[in-house]
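This report covers charge pairing, surface patches, cysteines and backbone angles in one protein chain. Please read it alongside the sequence and coordinates.

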Amino acid sequence: MREGSVEVKVYATPFDLRGTKYSQYSVCYYLGTRRVRERFSDLDKAKAAARAAAVKLANAELDAFELSASDRSIFAHCTRILEEVGTPLAVAVAEYVESRRLLPPGTTLKDAVAEHVGRRAKLQGDARVPVLVEEFIAAKLKAGLSKRHLTDLRHRLGRFSRHFDLPVGNLTAALIEKYLDDLGVAGRSRINDLTCISAFGRYAVKVRQAPRDLLEEIGALQRPKLEPPATLIWSPSEFLEMLDCAPPAAVSFLVLGGLCGLRSSEILRADWSHLTPDGSHIAVITRKGRSPSRRLVPLGELAKSQLDRVNRGKGPICEYTREQYVIRAIIAAVNEVRARSKNPEKFLWRENALRHSYGTYRVALTGDDSRTSLEMGNSPSMIVKHYLQLVTKQDADRFFDLSKRRAPTQRVEPVPVAAASPPPHVE
């Protein structure tokens, strides 16, 4: 359909819906920089719409020629300037308006571009976030980080890289903060995500794919304030019940957690070779930071006797490879014994209660928060804050002398279990 020098086309665009063919006609034209597309099932209606559009566009062109002499001079000047970058005037105006909307008040487009160029001036390459995340995780794998830590990195940074499929140099603290806000996760999870992103940011700066300013901006992001969690512990009778009911493969988890204060990750890494020759201590090697740390934790009589029940001589002390497997086995075993004894109360697991129990009873037994902090790998202030004066020394004596309240147990011959897989009864 023509009107003067303006032409608007009608296209036949039939389509098939569930095996039935339908006729359709599309009218397409540009109104300024905006592409307009109208669909009709009747050809005559499509032609009428195209003719009307042609008239409207032709009238708009006539209005443009009615500009004043000053306006035409400005129009010609702007057109000549834009020829240097090959951008039409309409596109330039649209981009400018869109950019100004994104800028904070008082910031010019020139300032924003200058800052962007300055941030990228010292960068080498233009790696995208997903690519550099894979390189970062590969570097951590080569450095020998634990599987648990690598799994956490893959989860959190994988989600991060899927959201930001853009050059690493384009990341800003504002974008990262909005990403964390949109996740809508709780305070602890938000801190963990931010910690992983900060580690990735340090790597990006190290390989010169991100400006150093990015680290300062991420460090300035507000971290949520967390209320200290309640210190949940097991009573002596509850711990004794778990030791009595737990399958042999789970005994070492209870002993190292409740009677030695090891973290779950430390228990899963513990090896029989970490016991001292006289069996009085266990060496705990923590791979946190650039260099591993080591501490010696004493084994009391109860801990030594319980470990002797399941000692395989070599390999991992705990036969399970994942914390949830051993917890599931302990819960099932205790509830099974309770059901047989007609006890209707269900046994429920308490998160981190094994380590909390050791810290609480140990500091009450020794009265020495510095000694307890060395054994647990914590600062004395953490011991005072979470464990001091929660139980009496008599309670601590009962907790660590449970052997006096139970019948002697026969040594359980160990069943060989592959170190790389959990015991078969929890598969």
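## Backbone angles and local features

At 79% relative accessibility, Arg-18 counts as exposed. The model is predicted, and local features are reported only where pLDDT is at least 70. Arg-18 sits in the loop that joins strand 4 (15–17) to strand 5 (20–22). Its phi is near 55°, a positive value in a residue other than glycine. Most residues other than glycine have a negative phi.

Arg-208 is another non-glycine residue with a positive phi, in this case near 60°. The loop between helix 8 and helix 9 holds Arg-208. With a relative accessibility of 38%, Arg-208 is classed as partly exposed.

## Strands 3 and 4 and the nonpolar patch

Phe-15 belongs to strand 4. Its relative accessibility is 37%, and Phe-15 therefore counts as partly exposed. Together with Leu-17 and Tyr-22, Phe-15 forms a nonpolar patch on the surface, and the three residues have about 280 Å² of accessible area together.

Ala-12 lies in strand 3, which covers residues 9–12. Ala-12 is exposed, at 58% relative accessibility. Between Ala-12 and Gln-24 there are 6.1 Å from C-alpha to C-alpha, while in sequence the two are twelve residues apart.

## Salt bridges

Side chains of opposite charge can pair when their charged atoms come close. The count for this model comes to 17 salt bridges. Three of these pairs are set out in the table.

| Pair | Closest N to O distance | Exposure |
|---|---|---|
| Arg-156 and Asp-193 | 3.1 Å | both buried |
| Glu-336 and Arg-340 | 3.2 Å | Glu-336 partly exposed, 49%; Arg-340 exposed, 58% |
| Glu-375 and Arg-362 | 2.9 Å | both buried |

What parts of the chain does the salt bridge between Arg-156 and Asp-193 tie together? Arg-156 forms this salt bridge with Asp-193 at 3.1 Å between the closest N and O atoms. Arg-156 is in helix 6 (residues 147–163) and Asp-193 is in helix 8 (residues 187–206), so the pair ties together parts that are 37 residues apart in sequence. Arg-156 and Asp-193 are both buried, and a residue counts as buried when its relative accessible area is under 20%. The pair is also part of a network of salt bridges that links Asp-152, Arg-156, Arg-159 and Asp-193.

The salt bridge between Glu-375 and Arg-362 has an N to O distance of 2.9 Å. Glu-375 is in helix 16 (residues 369–376) and Arg-362 is in helix 15 (residues 353–366), so this pair ties together parts that are 13 residues apart in sequence. Both Glu-375 and Arg-362 are buried.

The salt bridge between Glu-336 and Arg-340 lies within one helix: both residues are in helix 14 (residues 323–340), four residues apart, about one turn of the helix. The N to O distance for Glu-336 and Arg-340 is 3.2 Å. Glu-336 has a relative accessible area of 49% and is partly exposed. Arg-340, at 58%, is exposed, since exposed means over 50%.

## Negative patch

Which residues gather in the patch of negative charge on the surface? They are Asp-111, Glu-115, Asp-213 and Glu-216. Helix 4 (109–120) and helix 9 (213–219) are the elements that give two or more residues to this patch. Asp-111 is in helix 4, and its relative accessibility of 42% makes Asp-111 partly exposed.

## Cysteines

How many disulfides does a search of the whole structure find? The search finds zero. Cys-78 has a relative accessible area of 27% and is partly exposed, whereas Cys-260 has 0% relative accessibility and is buried.

Cys-260 is located in the loop between helix 11 (248–259) and helix 12 (264–269). The C-alpha atoms of Cys-260 and Gly-359 are separated by 8.9 Å, and the two residues are 99 residues apart along the chain.

Note on methods. Residues are numbered from 1 along each chain as its sequence is written. This is a predicted model: local features need pLDDT of at least 70, side-chain atom pairs count only at pLDDT 80 or more; totals for chains, interfaces and linings use all residues. Side-chain values use heavy atoms; hydrogens and water are left out. A salt bridge is a side-chain nitrogen of Lys or Arg within 4 Å of a carboxyl oxygen of Asp or Glu. Buried means under 20% relative accessible area, exposed over 50%, partly exposed in between (1.4 Å probe, protein chains only). A disulfide is a pair of cysteine sulfur atoms within 2.5 Å. Patches are made of residues with over 30% relative accessible area and no salt bridge: like charges are joined within 9 Å, nonpolar side chains (Val, Leu, Ile, Met, Phe, Trp, Tyr) within 5 Å. Accessible areas come from the Shrake-Rupley method with a 1.4 Å probe; for residues, only the protein chains shown count as cover. Lys and Arg count as positive and Asp and Glu as negative; His and the chain ends are not counted. The place of a charge is taken as NZ of Lys, CZ of Arg, CG of Asp or CD of Glu.
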